[in-house]
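Hello,

Here is the structure I promised to pass on. Please open it first, then read my notes below.

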Amino acid sequence: MAESQNIEWKESWRDEYLKWICGFANAQGGRIYNGTRDDGTVIGVEESKKLLEDIPNKIQNTLGIIADVNLLSANGLDYIEIVVNPSSYPVNYKGEYHYRSGSTKQQLRGAALTQFIGEKTGLSSLCDFDHLINSKKWGLLLIPLLFFFNIISNRFTKADCSLVLLLCILL
């Protein structure tokens, strides 16, 4: 079975695969199978019990989400399944936003990142940036920018969200 929008095969665990988990969470969700070849053939993974403890902690500590990490077995070989659900809010890996598209992981930057953050937070529908620019209400642009930078810097709280949304509505 080939890799797809929702399936990724990996031979061994590397912490950089947290980026793939981030990408799945920001898209439709998906599964990573660790201890498999690119065609899905199980080759097994060493220290499976240790990975079963380490991987969930790394996901939670680095990405702030919970993923199901399961120990599976085929032909006497252990391999790991990581099940990532889609997130309703933007998930970042050390300040980087990744997205699963087809069988690839894309790092979001520039306009793609701005659009993604706006869609995930609902901010783009509450604050019409074109209207603000055309009506010369430049000061109002500071509110979404503060919101955006708080998300990137990992200092975003529910109170920040409430304040930003209230200001967008009132102003």
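Thr36 is buried, with a relative accessible area of 1%. That value comes from a predicted model, like everything else in this email. Buried means under 20% relative accessible area, so Thr36 falls in that class. The residue sits in the loop between β2 and α2.

What does Thr36 touch, leaving aside residues up to four places away in sequence? Its contacts there are Trp9, Lys10, Glu11, Thr41, Val42, Ile43 and Tyr79. There is also a polar neighbour. A polar atom of the Thr36 side chain lies 3.1 Å from the backbone oxygen of Tyr33.

Ser48 is another buried residue, at 7% relative accessibility. Ser48 belongs to helix α2. Its contacts, again not counting residues up to four places away in sequence, are Leu71, Asp78 and Ile80.

Now the charged pairs. Side chains of opposite charge can pair when their charged atoms come close. How many salt bridges does a search of the whole structure find? The search gives five. Three of the pairs are described below, among them Glu8 with Arg100.

1. Glu8 and Arg100

The closest N and O atoms of this salt bridge are 2.5 Å apart. Glu8 lies in strand β1 (residues 7–10) and Arg100 in strand β5 (residues 97–101), so the bridge ties together parts that are 92 residues apart in sequence. Are these two residues buried or exposed? Glu8 is buried, and Arg100 is buried as well. The pair also belongs to a network of salt bridges that links Glu8, Lys10 and Arg100. Lys10 turned up earlier, as one of the residues touching Thr36.

2. Arg31 and Glu81

Here the side chains meet in a salt bridge at 2.6 Å, N to O. This pair links distant parts of the chain, 50 residues apart. Arg31 is in strand β2 (residues 30–34), and Glu81 is in strand β4 (residues 77–84). Arg31 is partly exposed, with a relative accessible area of 33%. Glu81 counts as buried, at 9% relative accessibility.

3. Asp54 and Lys50

The closest N and O atoms of this salt bridge are 2.5 Å apart. Both residues lie in helix α2 (residues 48–63). They are four residues apart, about one turn of the helix. Asp54 is partly exposed, with a relative accessible area of 23%. Lys50 is partly exposed too, at 46%. Ser48, described above, is in helix α2 as well.

Last, the chain as a whole. It has seven helices and six strands. Which pattern do they follow along the sequence? Reading along, you meet β-α-β-α-β-β-β-β-α-α-α-α-α. Of the 171 residues, 39% are buried. Thr36 and Ser48 are two buried residues.

Contacts between residues 24 or more positions apart make up 61% of those with a separation of 6 or more. The chain exposes about 9700 Å². Carbon and sulfur atoms supply 52% of that area.

If you want a route through the view, begin at Thr36 in the loop between β2 and α2. Then go to Ser48 in helix α2. Finish with the network of Glu8, Lys10 and Arg100.

Best wishes

Methods: Residues numbered from 1 in each chain as written. Predicted model: local features only at pLDDT ≥ 70, side-chain atom pairs only at ≥ 80, totals over all residues. Heavy atoms only, no water. Salt bridge = Lys/Arg side-chain N within 4 Å of Asp/Glu carboxyl O. Helix = DSSP H or I, 4+ residues; strand = E, 2+ residues; numbered from the N terminus. Buried < 20%, exposed > 50% of the residue type's maximum accessible area, 1.4 Å probe, protein only. Polar contact = N/O pair within 3.5 Å; in protein donor to acceptor, adjacent residues only side chain to side chain. Contact = heavy atoms within 4.5 Å. Areas by Shrake-Rupley, 256 points an atom, 1.4 Å probe, with all protein chains shown as cover.
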